[in-house]
Amino acid sequence: MNVSDRPVQPIREPENWAPDSWQAREAIQQPHYEDQAALGAALGELSERPPLVTSWEVLTLKRLVAEAQEGRRFVLQGGDCAESFADCNNRVITNRLKVLLQMSLVLVHGMRLPVLRVGRFAGQYAKPRSADTETRDDITLPSYRGDIINAPAFTPEARRADPHRLLRAHSHSAMTMNFTRALIDGGFADLHHPEYWDLAWVDHSPLASEYRQMVDGISDSLRFMETLAGEALESFSRVDFFTSHEALLLHYEQAQTRRVPRQWGWFNLGTHFPWIGMRTAALDGAHVEYFRGIRNPVAIKVGPTMQRDHLLRLLDVLNPDDEPGRMTLIHRMGADKVADKLPPLLEAVRASGRRVLWVCDPMHGNTESTSNGYKTRRFANVAGELEQAFDAHAAAGTRLGGVHLELTGEDVTECIGGARGLVEADLSRAYKSTVDPRLNYEQSLELAMLIVRKSGGRISV
Ligand code: PEP
Ligand code: CO
């Protein structure tokens, strides 16, 4: 059945909700601002700024997520663990876009499905932390919580929660979004010119010939279709890109929450696709309360401690009318737990008849520390979790409809393994992440090829 043919459920304004109703609940993972007057002033200014996205885009995305729920699209969601203000520059933004475009080309071609591209960028500035403070040599300071709150340097000044950073985060999000939109509208994502997306080191990669062969095949098919049609196929000249981030810092999210003309309800217009992190999904907590009232498509991270009843209750609270496109569940179990922990949840949601999109995040359950003090992830574990997730869905009669990855277009050495066989000793060469380790360009492309194989598609043309 077509998404638009579905019987429309009565969708309505949520009861007893306002953009600030979360403030009556317990809000964990929030910073402490000493200067409340400065906080108020920053939030006041923020709430007057123009939105970063529009309600039309948000509703279009919801329709596309609904298509993915029906198996007619595959979602590729990726970007940094934590964006940093310093990385809001031409090179980093372009390279990240290039790697996401290359991966989506591999997926579209191999899976024969349209890919819905969602960036973890233009707002991914707030991080949950396992402890509120960090101690080094008898000195204890607040933890670094992302550039929207404080700075990573271990000094009292850097770690102070600074309200002015809320405005800087918004400006950096706007700059990122502006440049990304301009690149895409200007033809950077044109399938006629995949060479625009080449990264400097692509030719030296062990995966280069496989990728080149695929790109040549696509160019040939495109020329063939255009010859038949007698004109250039405009629809191949642009792709859509949506933005997402963990909506963790609720004062910031509240200031981005708006009504728009000719629509009922409230939209978060600071991003298209906010998600609730694993640590902030308490049913009676502030984050779930905030998310309940916005009309955006939303996602929840689902970790190995998630209980079936809790998950079903979250779906009741966040999507009482079972609206198509509203709910995405991103599971992140770990390669050693996914085979045990995922099937009961798949079964429970399937039995409830609830409409969800299942996405696998094979990164966050596979973080470990090396003996020389680096936080890393092994490519074999990332790939292993993803493969097992495909198997678990096949066995449960559900569908894995997307992946959620931490990656960068930079040539970093943060994750171990992959085609070039990075080892622990390589990590110090180019370790740049301030929070979690990301897949580099080559590891990302390799994972895209693995997804194609695992989902029954083929790479070669
Ligand atoms: C993240 O996505 O960076 C993150 C902190 O994830 P999770 O909530 O799944 O731990
Ligand atoms: Co992370």
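Which side chain meets that of Asp391 in a salt bridge? It's Lys454, with N and O 3.1 Å apart; a salt bridge here is a side-chain nitrogen of Lys or Arg within 4 Å of a carboxyl oxygen of Asp or Glu. Asp391 lies in helix H11 (residues 379-396) and Lys454 in helix H12, so the pair ties together parts that are 63 residues apart in sequence.

A quick word on the ground rules. This is a predicted model, where local features need pLDDT of at least 70 and side-chain atom pairs count only at pLDDT 80 or more, while totals for chains, interfaces and linings use all residues. Residues are numbered from 1 along each chain as its sequence is written, chains are lettered from A and ligands numbered from 1 in the order in which they are written, and side-chain values use heavy atoms, leaving out hydrogens and water.

**Salt bridges**

By the rule above, the count comes to 30 salt bridges. Here are three of them:

| Acid | Base | N to O distance |
|---|---|---|
| Asp322 | Arg355 | 3.8 Å |
| Asp436 | Lys375 | 2.8 Å |
| Asp391 | Lys454 | 3.1 Å |

Asp436 is buried at 8% relative accessible area, whereas Lys375 is partly exposed at 32% (buried is under 20%, exposed over 50%, partly exposed in between, with a 1.4 Å probe and protein chains only). Asp322 is buried at 16%, and Arg355 is buried at 16% too. Asp436 and Lys375 also belong to a salt-bridge network with Arg120, Arg377 and Glu406.

**The annotated residues**

UniProt, in an unreviewed entry, lists Arg120, Lys301 and Arg332 under "binding site"; such annotations may be inferred rather than shown by experiment. Arg120 sits in strand E2 (residues 115-120) and is buried at 1% relative accessibility. A polar atom of the Arg120 side chain lies 2.7 Å from the backbone oxygen of Asp80.

Arg332 is in the loop between strand E10 (327-331) and helix H10 (338-352), and is buried at 7% relative accessibility. Leaving aside residues up to four places away in sequence, Arg332 touches several residues, including Lys301, Asp361, His364 and Glu385 (contact means heavy atoms within 4.5 Å).

**Cysteines**

How many disulfides does the structure hold? Zero, with a disulfide being a pair of cysteine sulfur atoms within 2.5 Å. For Cys88, the closest cysteine sulfur is in Cys81, 18 Å away, which is too far for a bond. Cys81 is buried, with a relative accessible area of 1%.

Notes:
Helices (H or I, at least four residues) and strands (E, at least two) are DSSP runs, numbered from the N terminus. A polar contact is a pair of N or O atoms within 3.5 Å; within protein, one must be able to donate a hydrogen and the other to accept it, and residues adjacent in sequence count only if both atoms are side-chain atoms.
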